[in-house]
Amino acid sequence: MLLKNLKTKFLGKNAIYYKQIDSTQNQIWRLLKNKNTPNGTLVMADIQTNGVGTHDRIWYTDEENNIAFSFFIKMNCNIKKIEGITIKIAQIILEVFKNLYNIELQIKVPNDIVYNGKKLGGILTQTKVIRENVKYLVVGIGINTQKQNFNIEIKDIATSIKKEFGVNVDTKEFITQFCNEFEKEILKRMES
């Protein structure tokens, strides 16, 4: 699957789409067992049956046209190079929403995207580290863009872009813009 208008060197060049999968994050880790998986591989899905959030919580992606994707980047650098990376990812997500849709969202540190105190999205950042050396950075991003029906346990604390702003988000356009911006950040950190 091709992401149009992708200006990256590697991030998202190999994009794999699933109509339904257990978890995009789990799929990235499965792909990493295959040593031939290209750097920057991105996995996206319409529906996740067992999406992964932080602290082993479930991330619900049970309706189509919400944002659910994960990717990995080969790093091979000191762990200090990725300090604060989750907050930077959150800032880039906010910038993309502002630039594409003129929507202002907030960050709930360390890894939530919120609007008026309600959770819209989350970031799961995982690494494979050997002796202070980061081998892989694996990032999962879930954002409720279209979701209308929330489970009873989260309906008072979660929301979506559609519910709050009445906007239809183009998932592929969002992911493309995110990749374009995030790769610049990673390359900058690797060079410093």
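**Exercise 1. Determine whether Cys179 is buried or exposed in this predicted model.**

Solution. The relative accessible area of Cys179 is 0%. A residue counts as buried under 20%. Cys179 is therefore buried.

**Exercise 2. Classify Cys77 as buried or exposed.**

Solution. Cys77 has a relative accessibility of 7%. Because the limit for a buried residue is 20%, Cys77 counts as buried.

**Exercise 3. Establish how many disulfides the model contains.**

Solution. A disulfide is a covalent bond between the sulfur atoms of two cysteines. The criterion applied here is a pair of cysteine sulfur atoms within 2.5 Å. The count comes to 0 disulfides. For Cys77, the nearest cysteine sulfur belongs to Cys179 and is 19 Å away, and Cys77 is in no disulfide. For Cys179, the nearest cysteine sulfur is that of Cys77, at 19 Å, and Cys179 is likewise in no disulfide.

**Exercise 4. Describe how helix H2 packs against helix H4.**

Solution. Two packed helices are described by the angle between their axes and the distance between the axes.

Step 1. Helix H2 spans residues 85–101 and helix H4 spans residues 171–191. Their axes lie 10 Å apart, at an angle of about 140°.

Step 2. This angle makes H2 oblique to H4, since angles over 145 degrees are needed for roughly antiparallel.

Step 3. The crossing of H2 past H4 is right-handed.

Step 4. On H2, the contact residues include Ile85, Ile89, Ile92 and Phe97; on H4, Phe174, Phe178, Phe182 and Arg189 are among them.

Step 5. The residues of this contact comprise 12 nonpolar, 1 polar and 5 charged.

Key. Residues numbered from 1 in each chain as written. Predicted model: local features only at pLDDT ≥ 70, side-chain atom pairs only at ≥ 80, totals over all residues. Heavy atoms only, no water. Axes fitted to C-alpha atoms, helices over the stretch in contact; angles between N-to-C directions. Helix = DSSP H or I, 4+ residues; strand = E, 2+ residues; numbered from the N terminus. Parallel < 35°, antiparallel > 145°, perpendicular 65-115°, else oblique. Left-handed = near helix turned anticlockwise from the far one by under 90°. Contact = heavy atoms within 4.5 Å. Nonpolar A, V, L, I, M, F, W, Y, C, P; charged D, E, K, R; others polar. Buried < 20%, exposed > 50% of the residue type's maximum accessible area, 1.4 Å probe, protein only.
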